[in-house]
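Work through the exercises below with the sequence and the structure side by side, and try each task before reading its solution.

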Amino acid sequence: MRAGKSLYAFDRSYVEVTGGSATVTVSGNEATASGAAANTYRVFAPQDIAKVTVNGSPAPSCREGAYLTFPCVLPTALALTTPSTGSATDPIRLTAALSSGSTPMAGRTVRFTVGGLTADAVTDAAGVASADLVLDVDPGNYQATASFAGAFGFAPSTSSAPLGIVADTTTLVY
């Protein structure tokens, strides 16, 4: 099927392709497409589709009534947990939970940032990533940020929280 064209029958659009030319097959409970990597597909599929494949790889799909769009970009959410204060030059633990809907996202990289300092961590089976940052910054008010860059079929997301950094306590003995 050529890009930008739709297959119509009985006053209904059955297949729409956005991007480059493609081949689309819907058979039983499977939908398969091959074409340009940037293509998106919208097919009439009133039945449940259990397996969606694009260019030989599983692809996320979104249902809108009797139509199935794939691949689609699913929203993600990050929930950042951090103490409200920390001492300069001391380590602080930042934790974030990554999910798409109510599903935890395992094996994804989350980047933590405070005042130009960064640390990356990979989410576990529960979708949780943790990193320790040594607060090698001047005392002051900062934003702690956790970010997920996104991945095939998943949108990026960010979460921030205020973090006050106080001067490290020092004692001079003479």
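**Exercise 1: charged pairs**

With a relative accessibility of 40%, Arg111 counts as partly exposed, in a model that is predicted. Find the acidic partner that Arg111 meets in a salt bridge, and describe how accessible that partner is.

Solution. Begin at the side chain of Arg111, which meets the side chain of Asp120 in a salt bridge, with 2.7 Å from N to O. Next, consider the partner: Asp120 has a relative accessibility of 44% and is likewise counted as partly exposed.

**Exercise 2: a link between strands**

The structure holds 2 salt bridges; locate the one formed by Arg93 and explain which parts it ties together.

Solution. First, the side chain of Arg93 meets that of Asp132, at 2.9 Å from N to O. Then place each residue: Arg93 belongs to strand β12 (residues 91–100) and Asp132 to strand β16 (residues 128–134), so the pair ties together parts that are 39 residues apart in sequence. Finally, Arg93 is partly exposed, at a relative accessible area of 47%, and Asp132 is partly exposed too, at 46%.

**Exercise 3: the nonpolar core**

Which residues touch the most other members of the largest nonpolar core, and which element gives the most to this core?

Solution. The largest nonpolar core has 25 residues, and those touching the most other members are Leu78, Val110, Phe112, Val114, Ala146, Leu163 and Ile165. Among the elements that give two or more residues to this core are β10 (77–81), β14 (109–114) and β17 (140–148), while β12 gives the most, with 4 residues. A second, separate core of 14 residues includes Val17, Ala22, Ala45 and Val54.

Terms used:
Residues numbered from 1 in each chain as written. Predicted model: local features only at pLDDT ≥ 70, side-chain atom pairs only at ≥ 80, totals over all residues. Heavy atoms only, no water. Salt bridge = Lys/Arg side-chain N within 4 Å of Asp/Glu carboxyl O. Buried < 20%, exposed > 50% of the residue type's maximum accessible area, 1.4 Å probe, protein only. Core = buried A, V, L, I, M, F, W, Y, C linked by side-chain atoms within 4.5 Å.
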